[in-house]
There are 4 protein chains.
Amino acid sequence: MSEQPGVRAHQGSPTGSAHKAAAWSTAITVTTDDRVFVRGVALDEAIGRDSFPGMLRLWRGDEATEDEAALLGACLVASIDHGPLSPSALVTRTIASTRASPMSGLAGGILTFGELHGAVVTRAMRILATAPADGDLGAWADASFERERAAGQRLPGIGHRWHHRDRRAERLLEVASARSDRRYEAAVRALAERVSRHTGKPVPVNIDGALAVALTSLRLDPAFGDFLFAIGRSFGLAAHYVEEQQRGRPMRTIDPTAASYDGVGIPGLNAQEDGR
Amino acid sequence: MSEQPGVRAHQGSPTGSAHKAAAWSTAITVTTDDRVFVRGVALDEAIGRDSFPGMLRLWRGDEATEDEAALLGACLVASIDHGPLSPSALVTRTIASTRASPMSGLAGGILTFGELHGAVVTRAMRILATAPADGDLGAWADASFERERAAGQRLPGIGHRWHHRDRRAERLLEVASARSDRRYEAAVRALAERVSRHTGKPVPVNIDGALAVALTSLRLDPAFGDFLFAIGRSFGLAAHYVEEQQRGRPMRTIDPTAASYDGVGIPGLNAQEDGR
Amino acid sequence: MSEQPGVRAHQGSPTGSAHKAAAWSTAITVTTDDRVFVRGVALDEAIGRDSFPGMLRLWRGDEATEDEAALLGACLVASIDHGPLSPSALVTRTIASTRASPMSGLAGGILTFGELHGAVVTRAMRILATAPADGDLGAWADASFERERAAGQRLPGIGHRWHHRDRRAERLLEVASARSDRRYEAAVRALAERVSRHTGKPVPVNIDGALAVALTSLRLDPAFGDFLFAIGRSFGLAAHYVEEQQRGRPMRTIDPTAASYDGVGIPGLNAQEDGR
Amino acid sequence: MSEQPGVRAHQGSPTGSAHKAAAWSTAITVTTDDRVFVRGVALDEAIGRDSFPGMLRLWRGDEATEDEAALLGACLVASIDHGPLSPSALVTRTIASTRASPMSGLAGGILTFGELHGAVVTRAMRILATAPADGDLGAWADASFERERAAGQRLPGIGHRWHHRDRRAERLLEVASARSDRRYEAAVRALAERVSRHTGKPVPVNIDGALAVALTSLRLDPAFGDFLFAIGRSFGLAAHYVEEQQRGRPMRTIDPTAASYDGVGIPGLNAQEDGR
């Protein structure tokens with residue numbers, strides 16, 4: 001037997017599909033020898049002129065107003081970090097401690113976003129998209145609650161294991177409502193009301209729910225919800241990766257119960273206030 | 001043999017290190033029952049007030065000026081997308097085509113950033129950091145060029161396989177220099193000059209080089225360079241993931257040579273101009 | 001404001017859950033200062049004595065017979081590679097071409113396993129687990145087919161876009177049936193029969209379906225199905241990563257339609273046979 | 001402006017390289033309409049006949065003897081798990097706890113393999129490959145030690161933070177030497193000897209060092225070293241993912257210091273022996 005150059009890597013019959021690759025097209029970006037056009041905008045012209053959230057056109061197709069860009073920016077800020085005890089931050093720090101690469105640390109953190117942490121904004125947006133424009137939000141919330149329960153799931157966007165109240169969510173809802181009609185805020189509050197009735201105590205809208213309200217009012221495809229959160233949070237994951245490599249002993253056992261904060265002082269927050 | 005509850009998962013001798021986990025601290029974020037403080041700033045107050053790039057303090061520790069935030073924003077915009085033929089976009093689209101999850105698509109794209117694509121800003125920043133404040137940039141460029149060659153590597157930040165000239169890089173250098181002294185721009189131009197002399201034809205500063213100039217002038221730790229690029233580019237990767245799932249036949253063979261652009265029209269760019 | 005050492009990273013009220021971490025236990029592995037016991041077996045004694053598939057006990061808890069280990073090994077061999085045009089191999093090769101790290105290439109390939117490629121064995125196992133021990137497999141196949149259609153999904157384990165017939169699947173079914181009762185083989189064939197009736201032409205059991213039969217007959221939890229495939233295929237992904245770095249021009253555009261095979265010659269397979 | 005179908009996604013000048021994709025070839029695998037040939041072997045014939053480690057030919061090109069396959073199998077068994085406190089297992093379990101997908105959990109664990117954990121076998125193999133066939137191993141060990149120190153690195157394959165003695169490594173060295181000449185074992189022992197002289201106390205060859213000896217004697221390209229370890233360990237990571245999802249409270253805080261073992265009993269190992 002000898003070498004057989006020229007033999008295709010898939011020896012299909014003429015009707016086989018393996019090496020027939022159809023022409024395809026994209027509406028996102030076209031490049032030339034010296035320029036990159038994103039949704040028709042030359043990046044060289046956008047640099048220094050447009051804000052990063054102003055590039056919302058990349059996701060939505062049409063131009064964003066300044067108000068819309070500001071709201072997307074608020075969503076990124078709201079997602080930016082939740083401290084070193086968040087599962088994704090622990091994963092990124094653990095990867096940093098073995099001296100694996102920065103991109104491994106970032107990708108590992110992103111892979112930690114599951115249906116209970118981070119990757120829940122898209123699902124919340126899909127539910128909000130079904131809210132009636134004019135109609136009984138209470139009945140809609142009841143139906144949504146029952147449908148999720150029947151599927152063995154909880155309503156996304158409501159409640160948090162650490163926060164009885166989450167001021168980030170409240171503030172983001174406020175910002176979103178100032179820039180749009182309050183329809184989706186009313187819808188998510190109806191869901192929270194429904195869950196509260198079920199548990200017998202007030203359960204707040206959480207940050208995922210507030211993000212879903214803001215992003216839905218921006219007319220984004222729900223598919224972008226989890227990506228938006230991931231991009232904002234990546235800023236924080238990077239900080240944890242770098243701090244771990246600079247401060248942490250290599251291969252240390254990271255005990256989440258033994259973490260303290262030694263950063264910039266915060267009035268009204270001190271060691272004595274810790275209940276334990 | 002019977003079950004042995006109460007047996008530690010590592011049965012170390014008293015001097016073993018396996019389950020001794022030292023106390024540790026972080027200066028990044030502290031959370032309370034209702035708030036999240038990032039570098040001392042309450043996120044609920046920052047939402048709607050601070051821009052996303054204005055959160056530069058999360059990486060640098062100290063407060064950013066408005067000019068600095070604008071420059072970081074310009075870096076994110078410059079990184080945002082490079083079309084569907086970029087290796088990371090092809091990976092994200094391939095993952096989307098198998099209907100693997102959005103976070104898998106994003107993580108896969110990020111893992112594609114290697115020393116030849118994306119993950120090169122940090123290395124360029126480390127070299128720029130060695131440029132003399134007052135001194136012979138030509139001699140420094142010569143020495144840098146020789147050191148990389150001796151290590152079997154190319155100088156990062158110079159040249160691009162597609163672009164003979166890259167207007168994104170030119171524009172970003174312009175924006176960076178308007179907001180800082182021109183020291184790092186001069187340094188990267190000295191490196192490009194050195195490479196051009198070596199190849200015998202003009203080789204431009206590329207987008208990685210321009211990012212390195214901007215981020216170094218922002219006094220960022222070089223470790224953040226690759227993260228900044230990854231965060232900006234994630235915005236584009238998300239668009240490719242969603243477009244592939246909406247337009248592409250599942251499991252299609254993605255042929256990068258068969259891609260066309262059918263988005264917003266661009267004056268002066270049309271089918272006739274294509275040389276082939 | 002001054003530094004505040006000693007402040008907990010989560011300032012929870014005494015009822016907060018953030019830094020209360022419950023004791024937990026594992027039944028998998030315990031380590032001592034000089035040994036590692038996996039499901040009660042000392043690894044140092046297993047090395048050189050037990051085969052890799054013989055470590056089935058790690059997944060199942062109880063000891064595997066030699067026949068069972070051989071069947072698990074056959075599943076790993078069946079999964080080992082499907083050539084350079086498979087989506088996961090293309091992703092791993094693309095990552096290799098940017099000179100990102102080997103573990104990035106492997107992880108990227110694994111992230112390509114989605115519901116249409118690779119990560120479908122678990123789902124097929126869950127369906128097979130519902131097949132009646134004594135009963136009408138035809139009725140069960142009808143019901144399974146309809147339930148999947150109602151959910152907008154296809155039955156896993158049946159059909160392949162390239163292979164009209166897949167000898168790997170046939171052989172693995174043969175091996176599995178020789179080592180167990182034929183119950184699950186009969187079930188998967190009933191599913192294929194049902195799909196064939198729907199499409200009007202014969203559709204074969206594919207490799208995912210054959211793996212599901214083999215692994216179910218090994219009494220494995222269906223959750224392990226996708227992992228088994230991923231581990232077997234990782235062997236092939238490693239080969240593609242290394243070959244790409246050794247043969248491929250860095251950052252080359254990888255055109256899946258332009259791949260040929262130049263390895264060990266195969267009688268009856270040559271360039272002339274290629275229909276195009 | 002109107003749509004422009006037919007415009008290439010990269011508008012290159014005729015000399016641009018963006019959408020020129022060279023023909024390429026692979027020596028690994030070729031597929032036909034009904035078969036898959038790996039290094040010339042039909043997979044359908046290998047299934048049930050060849051062992052998984054017997055597929056060594058996929059990595060090495062030439063056929064493996066039974067002894068060689070057995071040694072590769074011993075390497076996979078030696079790598080299979082190191083308990084729940086290993087960084088990669090903690091990452092996989094953390095990802096499982098957020099209910100992210102199995103492939104995310106596996107990829108995250110693999111991304112944890114860094115130069116201090118897991119991804120060190122390749123480096124150890126590269127050093128062993130420089131050992132003189134006939135010559136002064138002591139002088140070679142001295143030179144290797146000094147070169148690593150000069151580069152700010154430690155010799156890979158020597159010492160472990162938990163194990164003063166590692167019986168897995170001892171056993172694997174024994175198995176490897178029984179199947180090959182003892183040249184590489186002698187080399188790694190010379191390195192351990194050199195490190196011991198430096199630290200003033202005996203430092204053992206660790207599992208990475210033993211793997212490097214075994215894989216080098218199998219004439220594998222060093223590039224495969226880290227992949228081999230990752231594939232073996234993936235078996236254990238899968239067990240941790242599944243156990244976490246079955247036993248662990250969702251989103252629990254995973255405290256590595258609070259883990260106990262409640263699996264199969266092990267004679268001589270009990271709660272009383274724990275020194276604390």
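Okay, salt bridges across the interface of chain A and chain B: the rule finds 2 of them. One is Asp34(B) with Arg167(A), where the closest N and O atoms sit 2.9 Å apart. Keep in mind that this is a predicted model. Polar contacts across that same A–B interface come to 28 residue pairs, both partners at pLDDT 80 or more.

If you look at which element of chain A gives the most to the side touching chain B, that's helix α11, residues 225–247, with 16 residues. That side of chain A divides into 54 nonpolar, 22 polar and 21 charged residues.

Now the area. Chains A and B bury about 8800 Å² between them, with 71% of it on carbon and sulfur atoms. Trp24(A), Phe52(A) and Phe235(A) supply 11% of what chain A buries against chain B, more than any other three residues. The contact takes 97 residues from chain A and 97 residues from chain B.

On to symmetry. A 180° rotation with 0.0 Å of shift along its axis puts chain A on chain B, RMSD 0.0 Å, so we have the relation of a two-fold axis. Ala107(A) has the C-alpha nearest that axis in chain A, at 2.3 Å.

Last bit, the strands. β3 of chain A (24–26) pairs with β7 of chain B (259–261), parallel, over 3 bridges, and Thr26(A) has Tyr261(B) as its bridge partner there. There's also an open sheet of 3 strands, mixed pairing, in the order β3(B)-β7(A)-β1(C). β3 of chain B and β1 of chain C each have a single partner strand, so one side of each has no neighbour in the sheet. β7(A) and β1(C) run antiparallel, joined by 2 bridges, with Tyr261(A) opposite Val7(C).

How values were computed:
Residues are numbered from 1 along each chain as its sequence is written. Chains are lettered from A and ligands numbered from 1 in the order in which they are written. This is a predicted model: local features need pLDDT of at least 70, side-chain atom pairs count only at pLDDT 80 or more; totals for chains, interfaces and linings use all residues. Side-chain values use heavy atoms; hydrogens and water are left out. Copies are superposed by least squares on the C-alpha atoms of residues with pLDDT of at least 70 in both. Two strands pair if DSSP finds at least two bridges between them. Helices (H or I, at least four residues) and strands (E, at least two) are DSSP runs, numbered from the N terminus. Contact means heavy atoms within 4.5 Å. Buried area is the accessible area (1.4 Å probe) that two parts lose on being put together, summed over both. A salt bridge is a side-chain nitrogen of Lys or Arg within 4 Å of a carboxyl oxygen of Asp or Glu. A polar contact is a pair of N or O atoms within 3.5 Å; within protein, one must be able to donate a hydrogen and the other to accept it, and residues adjacent in sequence count only if both atoms are side-chain atoms. Ala, Val, Leu, Ile, Met, Phe, Trp, Tyr, Cys and Pro count as nonpolar, Asp, Glu, Lys and Arg as charged, and the others, Gly among them, as polar.
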